Amino acid sequence: MGEIAAELGVSKSSVSIWVRDVGFEPRPTNRGHPAGPKHPMRLKKEAEIEQCREEAVAWVGELSAREHAMFCLGLYAGEGSKTSGTVSMANTDPRYLRTLLAWLRSEFDLDEHRMRARVYLHEGLDIDEATDFWSKMLGVPAGQFQKPYRAVADSSIRSRKHPRGCATAVYSDAFLHRRVMARIDAITSQFDIPG
């Protein structure tokens, strides 16, 4: 369409309207690289990623309970709900939610019957499969899941949909929320910048 618009001196949107009923074969997305062995730059990138991963694993080592707690508090400070009354966090990556819940369960005396979860999932995707997945990942029975939010995809915003959606883990306890936020405040107060 860009070539047609340039040739005729019109906008691409005009060309788009004129040719909307015309079938076409999309160009390959590999930018002309032939199929077969990986490009040397791709191999270099993959080697660097692996090197960084190995260095990171060696640097992190075995986390202490305190380091695990500090990570979870930082995670919650960035991703968790600041609304009073509940400790809750949403994410598409089950590792973050599992890590946070493991810490909460080990650090505080939680009543598992008060734990809730909710799934945000685009229409057309399998809500039962997503609920089952998140239930297993979070250790929260499916019966304790709140009504899911079914989003209508907006192609102008994004084309990629997470097949298992985004889960929110929720524990309703105002005092627990205050305790978590107080720990975060105690950490961040050490980094206060003088006004």
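**Figure 1. The whole chain, with 26% of its 195 residues buried.** This is a predicted model. The chain has 7 helices and 4 strands. Reading from the N terminus, the order is α-α-α-α-β-α-β-α-β-β-α. Take the contacts between residues with a separation of 6 or more: 74% of those link residues 24 or more positions apart. On the outside, the chain exposes about 14200 Å², and 55% of that area comes from carbon and sulfur atoms.

**Figure 2. A nonpolar patch on the surface, built from Ile4, Leu8, Val10, Ile17 and Trp18.** The patch covers about 480 Å². Two helices feed it: helix 1 (2–8) and helix 2 (12–18) each bring at least two residues. Trp18 is part of helix 2. Is Trp18 buried or exposed? With a relative accessibility of 53%, Trp18 goes down as exposed, since the cut-off for that label is over 50%.

**Figure 3. Val19 and Met1, two residues 18 apart in sequence.** Val19 sits in the loop that runs between helix 2 and helix 3. Its C-alpha is 8.6 Å from the C-alpha of Met1. Val19 is partly exposed, at 27% relative accessible area.

**Figure 4. Helix 4 packing against helix 7.** Helix 4 covers residues 65–79 and helix 7 covers residues 174–188. Their axes are 10 Å apart, and the packing angle is about 100 degrees. That angle makes the two helices roughly perpendicular, because anything from 65 to 115 degrees falls in that class. Which residues of helix 4 meet helix 7? They are Met70, Leu73, Tyr76 and Ala77. On the helix 7 side, the partners are His177, Val180, Met181, Arg183, Ile184 and Ile187.

**Figure 5. Ser84 and His177, with C-alpha atoms 6.5 Å apart.** Along the sequence, Ser84 and His177 are separated by 93 residues. Ser84 belongs to the loop between helix 4 and strand 1 (86–91). Ser84 is exposed, with 54% relative accessible area. His177 also appears in the previous view, among the helix 7 residues that meet helix 4.

**Figure 6. Helix 5 crossing helix 6.** The axes of helix 5 and helix 6 (residues 127–138) come within 9 Å of each other. They cross at roughly 40 degrees, so the two helices are oblique to each other. Helix 5 makes the contact through Pro94, Leu97, Arg98, Leu101 and Arg105. From helix 6 come Phe133, Trp134, Lys136, Met137 and Leu138.

**Figure 7. The salt bridge between Arg183 and Glu107, one of 8 in the structure.** A quick reminder of the chemistry: side chains of opposite charge can pair when their charged atoms come close. Here the N to O distance between the two side chains is 2.8 Å. What does this pair tie together? Arg183 lies in helix 7 and Glu107 in helix 5 (residues 94–107), so the bridge connects parts that are 76 residues apart in sequence. Arg183 counts as partly exposed at 29% relative accessibility, and Glu107 is also partly exposed, at 37%. Arg183 is one of the helix 7 residues that meet helix 4 as well.

**Figure 8. Salt bridges around Lys38, Arg42 and Glu46.** Bridges with shared partners join Lys38, Arg42 and Glu46 into one network. Within it, the side chains of Lys38 and Glu46 meet at 3.0 Å, N to O. Lys38 is partly exposed, with a relative accessible area of 47%. Glu46 is partly exposed too, at 27% relative accessibility.

**Figure 9. Lys44 and Glu48, a salt bridge within helix 3.** The closest N and O atoms of this pair are 3.1 Å apart. How many residues apart are Lys44 and Glu48 in helix 3? They are 4 residues apart in helix 3 (residues 40–60), which means a separation of about one helical turn. Lys44 has a relative accessible area of 47% and is partly exposed. Glu48, at 38%, is partly exposed as well.

How values were computed:
Residues are numbered from 1 along each chain as its sequence is written. This is a predicted model: local features need pLDDT of at least 70, side-chain atom pairs count only at pLDDT 80 or more; totals for chains, interfaces and linings use all residues. Side-chain values use heavy atoms; hydrogens and water are left out. Buried means under 20% relative accessible area, exposed over 50%, partly exposed in between (1.4 Å probe, protein chains only). Contact means heavy atoms within 4.5 Å. Accessible areas come from the Shrake-Rupley method with a 1.4 Å probe; for residues, only the protein chains shown count as cover. Patches are made of residues with over 30% relative accessible area and no salt bridge: like charges are joined within 9 Å, nonpolar side chains (Val, Leu, Ile, Met, Phe, Trp, Tyr) within 5 Å. A salt bridge is a side-chain nitrogen of Lys or Arg within 4 Å of a carboxyl oxygen of Asp or Glu. Axes are lines fitted to C-alpha atoms, for helices over the stretch in contact, and angles run from 0 to 180 degrees between N-to-C directions. Angles under 35 degrees count as roughly parallel, over 145 as roughly antiparallel, 65 to 115 as roughly perpendicular and the rest as oblique.
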